[in-house]
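Here are my notes on this one, written so you can follow along with the model open. Have a look at the chain first, then read the points in order.

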Amino acid sequence: MTKAVSSPPGFWTKNQQKLAPWLFLAPGFLMFIIYVLVPIVQSIWISFHDWDGLGEKVWIGLGNYVELLDDDSFYTSLKNNVIWLVLYLLSIPAGLAVALFLNQTVTGIRLYKSLFFFPFVISQVVVGLMFTWFYAPDFGLFSKLIEWLTGEQVAVLADERFVTYGIIAAGLWPQTAYCMILYLTGLNNINPEQVEAARMDGAKGMKLLWFVILPQLAPATFIAMVVTVIGSLRSFDLVSIMTAGGPYGSSQVLSYFMYEQALSEYGFRMGYGAAIAVVLFLIMMVFITLFIVRMLSQERNA
Amino acid sequence: MFPTPIQKASPFVQTAYKIVLPLALVLWLLPLIGVAITSVRPASDLAAGNYFGIPSGFAGLENYTAVFRDSPIGLYILNSFKVTIPTVIGAVALSCLTGFALAVYRFKGNLLLFFMFVAGNFIPFQILMVPVRDMTLRAGLYDTTLGLVLFHVAFQTGFCTLFMRNFIKGLPFALIESARVEGVSEWRIFRYIVLPLMRPAIAALSVLVFTFVWNDYFWATVLVQGQHAMPVTAGLYSLNGQWVAAWHLVSAGSIVAALPPVAMFFLMQRHFIAGLTLGATKG
């Protein structure tokens, strides 16, 4: 105790506040550099090479990218990614609808809410297996339903026309549950006075929802947008489980196409795979940048 | 409250709501209910074409015993725990530190670092796949649970840092300031003042990371090949290939694989939702 008073403050005492954040950051940041930042740079580097993962890398410049431009699978994947992105956004209004339906206080409603949320908690592998089975021709429940509605037998997952939509439907199930929970939390925190005031003024139904409720739900909508857009572009599990990109590559998406090229029985074309990954990365960076810019402006206002 | 409380509606609407609610739930969970029923269905039903009807008997015991006896699913589940639990501990511990650093100190590059963690959390896995697999191979960690753990810890730290940093920002800063005036060291401020207040955030992140990592399928296929280290998601998929048309076994296996995160969710529901809806209320 007396030592601190008598002797001049040491280096540590003087600089503690400056050094402390870096010491706290060091372990986490180091892991992040090793496993995330460096691999991104490496992937970009590898994408300029021809490499089977074992031998020497051969520099081919933009060769992989030029080949991509001539690859039909690439365009199929790109097209399917757009379909995923657009249709996946349906989970936002769907989640809002379910949340509005469940935002009541009746007995047991809490249990209902958690059970509605269930699909999000289980693995996409399980979701994929479930839906594959429901789509099974002849006996699957959905196949029966489709047959009953259209009078036609449709093998959804074996039909190039429908396969991507069939997989997206499976993905919408957990994603809607996710958006629902975001909106339920948002609805819980709505300013009741504003709602009552609007009701006094005679607003109700859709008008009230659109002009009073939705603006207040904007933060929830933003998060729902972020997770849905990212989720749609990341779609890998369901494609892999339900069709492995088939039939004839028609349900291919960039994430699975990359995996198939780089690491499957179709070959170990690491360079080509890396080039596909870079394209996907750039597409996602557009959205990530938009989100970050918005978060940054929130941060500045806070 | 919006929509208008059902108690204010006519008795007819109230009754209708009470009837529609369970119906909607059954419809919503139909795939899950179908799988649950099939998992206790006798194999003879499937042979007879009774896929979605009433089961002719209860074969739950046989099916679940068969799954554990005839397949390595027990081992897969164990592997999943071996991957998930260390990841939860590692990622939460690291992000307590990084979150604290980014929330409490003002220094050059603070926001830049923070948004780097946020962005890292959103990037596609495929951009990391080739180098991470190569690195894991070189380190001799390919096909081990440790290889998976290290990657998951690093990746989940991004999301966890976002969460922790925002949580600590919400704590009263005066607490830290007054401790500093008293001459308490930075480490002790973290350890004895901030960390005890972070319990709810730690709980929320633990359940979330548990679920994310348990349900991971992509890295389980990229970093693991053999049975001895395979987590249950990848294991279930390979079993699905062996159990062609044995839907009662596939279903039982699916239920087993889905159970731990579901149990986790039910036990820690409040924390789970608090974690998932972070930022959905203000902004």
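1. Start with the split: chain A is divided into domain 1 (34-70 + 269-302) and domain 2 (73-251). These bounds come from an automatic or database domain assignment. Taken over C-alpha atoms, the centres of the two domains of chain A are 29 Å apart.

2. A word on the source: this is a predicted model, where local features need pLDDT of at least 70, side-chain atom pairs count only at pLDDT 80 or more, and totals for chains, interfaces and linings use all residues. Residues are numbered from 1 along each chain as its sequence is written, and chains are lettered from A in the order in which they are written.

3. Now, where do domain 1 and domain 2 of chain A meet? In chain A, 6 residues of domain 1 are in contact with 4 residues of domain 2 (contact: C-beta atoms, placed from the backbone, within 7 Å). On the domain 1 side, the largest share, 5 residues, comes from helix 15 (residues 270-301) of chain A. That side has 6 nonpolar, no polar and no charged residues (nonpolar: Ala, Val, Leu, Ile, Met, Phe, Trp, Tyr, Cys and Pro; charged: Asp, Glu, Lys and Arg; polar: the others, Gly among them).

4. As for secondary structure, chain A has 15 helices and 2 strands (DSSP runs numbered from the N terminus: helices are H or I, at least four residues; strands are E, at least two).

5. Finally, the overall outline: the C-alpha atoms of chain A fill a box of roughly 95 × 75 × 30 Å along the principal axes.

Note on methods:
Contact = placed C-beta atoms within 7 Å.
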